[in-house]
Amino acid sequence: MGACILAACSKSFLNIAPGGALSPSILANETGVQGLLIGAYSILDGEGGNNGGWGSAASNWTYGGVQADDAYKGSTPSDQSDIVGIESWNTPTTDGYPSQKWDEYYDGVYRANEVLRVLPLAKDIPAAEAAEITAEVRFLRGFFHFELKRVFNNVPYLDEKVTDTSGPVTVTNISGSGYVNIWPQIEADFIAAMAGLPATQSAVGRANKYAAEALLAKVYMTELKYDAAKPLLADLIANGETSDGLKYKLINYGSNFNPAQNHVGDAEAVFTIQTSVNDGSGNSQNAGIGISNGNYGDALNFPYGAGPGACCGFNNPSQNLANAYKTDANGLPLLDDSYSTGNNVSDPTTPYTGTLDPRIDWVMGRKGIPYLDWGPHPGDSWIRDPANDGHFNPKKNVYAESQKGTLSSVESFWANVEEVANNINYIRFADVLLWAAEVDIKGSVPNPAEALSYVNMVRARAADKTGWVYGGGAAYSAATATYAITTPADNYKIGLYPDGAFDNLTYAMTAIMFERRLELAMEGQRFFDLVRWGVAATVLNKYASIEKNVIPFYNGVSFTPGKSEYQPIPQDQIDGLGVTGTSYLKQNPGY
Amino acid sequence: MKQKNGRLAARMCAVLFLIFISGTLLAQKKVTGTVTAAKSNQPVSFASVTVKGTSIATSTDAAGAFTITVPAGKTVLTVTSVGFADLDVTIGSGPVNVVLTETTSTLNEIVVTGYTAQRKKDITGSVAVVNVNNLKQVPSGTTESLLQGQASGVTVINSGSPGEGSNIRIRGITSLGSASPYVVIDGVAGSLHDLDVNDIESIQVLKDAGSTAIYGILGSNGVIVVTTKKGKGKTVLNYDAYIGTQRPLSGNPFHLANTPQYAQALWDMQTYSGIDNSKRIAAFGQGASQTGPMIPTYLQPLTFAGQADPDLTTYNINSDQITKANQTGTNWWGEIFQPALIQSHTLSGSAGGEKSSYFYSINYFDQEGTLINTYLKRYTARMNTVFNVKNNVRIGENAFIFYKDNPRITNQNEGNAISMVYRIPPIIPVYDVEGNYAGTKSFTINNADNPVAMQKRTANNKGNDWQVNGNVFAEVDLFKHLTLRTSFGGTFDNYYYYYFSYTGYENAEGNTNANGFTEGAGYNSQWLWTNTANYSNTFGKHSLKVLIGTEARKVYDRSLSGNRTTYFSTDPSFWTLNDGTPSTQSNSGGAPYQLTSSSVFGKVDYAYNDKYLLAATVRNDGVSVFYPGHQYGTFPSFTAGWRISREDFMKNISWLTDLKLRGGWGKAGSYSNTPTTNAYTLYASTAGQSYYPITGSGTASTAGFFPSQLGNQNTTWETDIQTDAGIDASLFKGKLDFSFDWYQKKISGLLFQNRSVLDAFIPVAQPYINGGNIQNTGFDFSATYHATINHDFHLDITGNISHYKSLVSSLPFGYKYLDQYSSGSSRIGAFTRSQAGQPVGEFFGYQVVGLFQNNADITKSPDQSSLSPGVGAFKYKDANGDGKVTTDDRTWIGNPNPDFTYGLNISANYKSFDFSVFFYGSQGNKVVNYIKYWTDFPEVFEGNVTTTAINNSARIVNSAGQPASVNDPTAQVANPGAKTPVFNTTSTSSGPSTSGAFNSYYIEDGSYLRCKSLIIGYTLPTTTLKRFGIDKFRVYVQCANLFTITKYTGLDPELQGSDLNNNSNFGIDFGNYPANQKNYNIGVNVSF
């Protein structure tokens, strides 16, 4: 009774300070601002923010890979049926996957802007540090907008002034009778980031000057502003270094996808999205599905059943992709698309027996070839539904058996063994070299010889036999992503383009486009390349006509030019009403 | 605010002061006496004793005793009480002992309503009085479930899961958040959930704002007022018990295919998908020579043994689990649902006298679930005592203590064991060749878990709950007409649990996941301090009652838990946190839940000549959930009644015993689900949401912060304004009573989590704001008929009907609609949408008009190409008539709100036999049979299929009449009457035109009528018993859920929400634990 009398008679009885949370005043200092910046970085992996999930995977495996000719959705047909629309280039406006991407990366934008809002309130941050923080924020803000732009195209740009939504609508994708163009703002963010960031950073995960420069180059390449990209690429190739101070170079191909090697000291890492496991983020007690710092976005993309990861059999490389690795007598790719004819690579009954580019066996798991150190791939028993999923498993996101439990999660939540600390190579140096080659062909001052040298640098690395996959029970080193050199696992042959081969600019561009496909396969890049080159409809409709012979899915699906290049703006966003009672967003053409 | 708090504090302190300075200021001439009932010989408490010809009155106490001051010259007392005929007695010398004769009319029954008690005939609000005897008919461990069908205006939806909560709605859905009514037990906030039904003396349901406004912020969802038993008269010992068996639904209630049927369905699916023989599912045979499915003898993860015996020595639980196929099919339902025991034993003792009274009871309740390893085991004890310290001072306490262990499944969820019954293929047996659990890993298709393994692995988990609920109180009668009361009480709930998650080695998914152990504990506490002053007097024909009071409340909840994984042994003796791998440890302790409120309230009841009745209440409430300046709300109500039968012009109507017209208007409030920190903008830091491995560690991340919520300082009450008009009538000397109410309930300023205009752009948890309105209109009707056919044969019939119509009248700014995702599953999007002009919770999706018969049909129909149509796929209605079918053509396809629900109790006594039967029904509600998603589309994870789907699915033929692929240009449906789409795995199959979207295929009529209970009892003759010192001995047999009449094709149309706190989402079947299982009991009631 005594206690309640005191409580009842106390004037503060109804005023209770919130427990277990931070109030704004606690964060207005250096630690707080740096913490908010880390919070903004944490959205890079596409998880842990607003509505994250597989649809917001940083690897873009759905939008960049399944939507292109890299891979099939996989699993059983109705599993994650939100991907069906994406894969068939006919995404319903109510589809859940694009919503995840939209919500998650606009959360990234918000968190980045929040740093800029709190920064001026902190009085203990030196001006130089404040400038550096601002530059990092602008990198992140540019990054999130760029990702939204290339998936949805007609998206609004938000800066730190957008804080409240009760007033007049200032955020819209509508401009006159058309749409806003936010390329200038994205470019401005990266230009500012480039100017404000140091060459090396205190932590490898932070963006440095060259990461910003490479992102700006990626933006220009997407806009096909070849001449604007040219000096940036030249600078990156000549002077670029990683955040931990390594001069850019091509490393062992497989090491790019090895969680033991792609965190620190990775000289090919131009910009990498960091992941970690067993760090307390993936426990069911404090995390829902999708909230963890491992590579959750790719958690479905493991062999099914008794295979590594033990779930879920998604993102199966396509037969078409496997066939693309066929090489001719010179070890060069079959640029005339004749790779689609003849026997299929790894066909269960009549497999192709000719020569192959050795990169195929870092890109996909296929029958009989060592799957890292998990032993030879057993074939269709690791495939969930071979009639619909083909015969291949993804490989670049997977971990070695010897890394299980250390670089894969043991925290207890759904399918924890598929949570891996395998970083996402957002831009690696090979990508930069191939852009430089493309600029040399498509820029206003062609330089085919230089283009050829860049492409051959990439091919020469692939030709390095220490980086091949070897059979016969060859020992695999999970520390270096190399096998003991025995007999190559398949009939590999890869050659360089001869001098002068790129003098025919059309041939050169075809070769570069093909090289990008082979080098960057299953890294979420392909669809965006096809769209920026303007060939998506041609390539993908042809792909459907070939692929329907092996996978019934591609019967009756087609790519609609002018529509299918971009995802629809999520219907619930369109249906949100502005103060005038009308929509503030306009749906993309064709939807 | 400072002022307001100060005023409140002053009032509370003053009341307290008055209580403790109470004196004895009574008059000198006193008459004492007792009142007893003729039939039972029990004391009559609360009987009204008036000196005839004056306004001097008092009422009897719990022991039936009274003391009254009689002026000189007055010699007659009038004694009245509910259920008894009025009686005048002349005062003689010594105590006056009055014996009242029972009447059948309930009009004089005293009913406890908001903070006071009234005669039923004086009530002007809408109050349903529950017949507690009828309530006890149904065997159940949760008392709220028993309200089903027992009170008009109350809709209750239960499940068969022991100890599971119920959806309770008073007069429809009054909030998109929790619509649970406020429960007051002996004046203190409590819960019906674990209350022993045998302890209950009375239950009233306050339905309109006229009667709930006195509870202010807690009244919006209606109020249930429970009074528990008190000791009366001589010492009585009661033993009530029953024991019985619960019978699960028999056979194959989901109508699932057996192994050959399942194999054939998958085979056909692949044929229609155009998959050639070489690529067919390996388990059922591949190759050009196959003409139909082969049923394998053994299943193995890497190779299919087919018909040959495999080398069993290669068996390896992790990589090569060998399983003998169940070639006929496993009856998974029968494997996890088994007959189960139910028993309840209550022993109570009570006595009441001049100085004190007590009621003690203990109960043991044990209900095994028919689903293995689910049960409710509960031990309860109640101690209610009252001490009459002086003639005018009473102190007492009510205490209820229980311990329970109640392992349950997450009901209504696609991931629970019930759902796995139809998700797992029938070819998989329960155990593999080594006696380990068998599962989908050996089969290599499908991803369901073995439901037996799921349930059996929970056997050693623990979950304990201890709770104390009750209060202490003191009452003082002052100045003859004034009673002061203070009560302090509440609930303290302490719980502790641990559970182990095993590596599901037999599953196709997650078979190498680390095992893990989680242990946690927490407590929930609430106290309530109530002070009231009650004044009651009559002046000639005027009767006046005044109540004023104050109330303060505090809620505080806290919890923590820890987890580790990778235990090297799964032996339960190892289950401590220390035994797991230290590097995997994690712990969590959420922010405490804290809430305070303080209130002042008052009520005036005025009656003129028992004919014109007026009542007014007002309550001023403050709650910490809102920001200072918006914390306080005032909730008034006004009600009036006209007992028209007391008018002279009605006097001659002999069959009309009583007729009262009444009406009222009032306002109540709610803070709904508003978080207690709603006013504050906050940041948070959690590893998954704001940490980033910036140093490139791979196994450690750097802490970061993120804006976690925006505060809103302007948010305030959700307001419920209710208008009610009713008639209460009693006919033929109380043989027939009925009551009818019409109401309109408008809930305005609904508390919504804000959706900003740019919600994705401001992705911080938005505050709850006020916006949007719901309007319910409806009627409640109840009637009771008592008949004495002859001396040996009595008949009682009680029925009620409840109807409500809910309407979302507007949504907050920025919302066009509100799609509600169910927590049970959302693989095909939201099922319900709330939008202005529609009922709450209405189903929204495509309307199926048929199946596309052939390609020409697709071409000539409205263009459905954006939804990937195909031959044998759903043809949808072009709802907006624009010539094409797109996501814009989704429309309203069913209302889960019933047209009406009804209950009917019939009880009869013939000599020593008694008979009762209770029916409950719900009419006109639509349900979503989401199970069809899993069972009618085999492409959904290749799970099991119903025979109904097999028989009704489209079969595809080509121009030659041969089974063909849907991709064949000449493909057409061979059976045009087919309702289920062709079994198919191509792109058209999983798109929105078949299993990829929610549509009217899932909608069914959920109307049902259930015989909830049938009881036949026999009471042994008293003469025989007396010799053994037994006053009463009754035995009975019972069958609960004897039958259910419904057209619903699932297990049971009674479908509670997957989240009981979300009332916008219900009537959806995710594999519900059925509430319609038969239950045969025998029971006894013994009194000593």
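This report walks through some helices, rings, cysteines and packed cores in a predicted model.

## A helix in the middle of things

Let's start with chain A and its helix α7, which runs over residues 127-152. The helix has 26 residues and reaches 37 Å from its first C-alpha to its last. How does that sit with the span expected at 1.5 Å a residue? Pretty well: the 37 Å is close to the expected 38 Å.

Is α7(A) mostly covered or mostly open? Mostly covered, with 21 of its 26 residues buried. Just past the helix comes Asn153(A), which takes a positive phi of about 65°.

## Two nonpolar cores

In soluble globular proteins, nonpolar side chains tend to be buried together. Here the largest nonpolar core has 186 residues. Five of them touch the most other members: Phe139(A), Phe143(A), Leu233(A), Phe271(A) and Phe502(A). Helix α7(A) turns up again, since the largest share of this core, 12 residues, comes from α7(A).

Have a look at Phe271(A) and its surroundings. Setting aside neighbours within four places in sequence, Phe271(A) is in contact with, among others, Phe139(A) and Phe143(A). Its other contacts include Leu44(A), Ala207(A), Ala211(A) and Leu215(A), as well as the run Ile424(A), Asn425(A), Tyr426(A) and Ile427(A). There is also a second, separate core, with 80 residues, and among them are Met269(B), Phe831(B), Ile858(B) and Ala971(B).

## Cysteines, joined and not joined

A disulfide is a covalent bond between the sulfur atoms of two cysteines. How many does the structure hold over all chains? Just one. The disulfide joins Cys311(A) to Cys312(A), with 1.7 Å from S to S. The torsion about this S-S bond is about 90°, so the disulfide is right-handed. Cys311(A) and Cys312(A) are both buried.

Now for two cysteines in chain B. Cys1011(B) is in no disulfide: the nearest cysteine sulfur belongs to Cys1039(B) and is 7.1 Å away. With a cut-off of 2.5 Å between the sulfur atoms, that pair doesn't make the grade. Cys1011(B) has 1% relative accessibility, so the residue counts as buried. Cys1039(B) is in no disulfide either, and its nearest cysteine sulfur is that of Cys1011(B). Cys1039(B) has a relative accessible area of 8%, so this cysteine is buried too.

## Rings that meet

A pair of aromatic rings is described by the distance of the centres and the angle of the planes. The structure holds 99 aromatic pairs over all chains. One of them is Tyr364(B) with Tyr379(B): the centres are 5.0 Å apart, the planes are at 35°, and the pair is tilted. Tyr364(B) lies in strand β21 and Tyr379(B) in strand β22, so the pair ties together parts of chain B that are 15 residues apart in sequence. Are these two rings buried or partly exposed? Tyr364(B) is partly exposed at 23% relative accessibility, and Tyr379(B) is partly exposed at 40%.

Another pair is Phe517(B) with Tyr567(B). Their centres are 6.0 Å apart and their planes are at 70°, so this pair is edge-to-face. Phe517(B) sits in strand β26, while Tyr567(B) is in the loop between β27 and β28, so the pair ties together parts that are 50 residues apart in sequence. Phe517(B) counts as buried at 0% relative accessibility, and Tyr567(B) is buried at 5%.

## Arginines over rings

Arginines can be found at ring faces as well. Arg280(B) lies over the face of Trp267(B), 3.7 Å from the ring centre. Arg833(B) lies over the face of Tyr817(B), at 3.5 Å from the ring centre.

Trp267(B) also has Asn277(B) as a contact. Asn277(B) is found in the loop between α4 and β18 of chain B, and is buried, with a relative accessible area of 17%. Its other contacts, leaving aside neighbours within four places in sequence, are Gln286(B), Gly287(B), Ala288(B) and Gln290(B).

## A glycine in a strand

Last stop: Gly778(B), in strand β39 of chain B. This glycine counts as buried, at 4% relative accessibility. Not counting residues up to four places away in sequence, Gly778(B) touches Asp741(B), Trp742(B), Tyr743(B), His803(B) and Tyr804(B). How far is Gly778(B) from Tyr505(B)? They are 273 residues apart in sequence and 54 Å apart in space, C-alpha to C-alpha.

Methods. Residues numbered from 1 in each chain as written. Chains lettered and ligands numbered in written order. Heavy atoms only, no water. Phe/Tyr/Trp six-rings, centres within 6.5 Å; stacked < 30°, edge-to-face > 60°. Helix = DSSP H or I, 4+ residues; strand = E, 2+ residues; numbered from the N terminus. Buried < 20%, exposed > 50% of the residue type's maximum accessible area, 1.4 Å probe, protein only. Lys NZ or Arg CZ within 6 Å of the ring centre and 35° of its normal. Contact = heavy atoms within 4.5 Å. Expected span 1.5 Å × (residues − 1). Core = buried A, V, L, I, M, F, W, Y, C linked by side-chain atoms within 4.5 Å.
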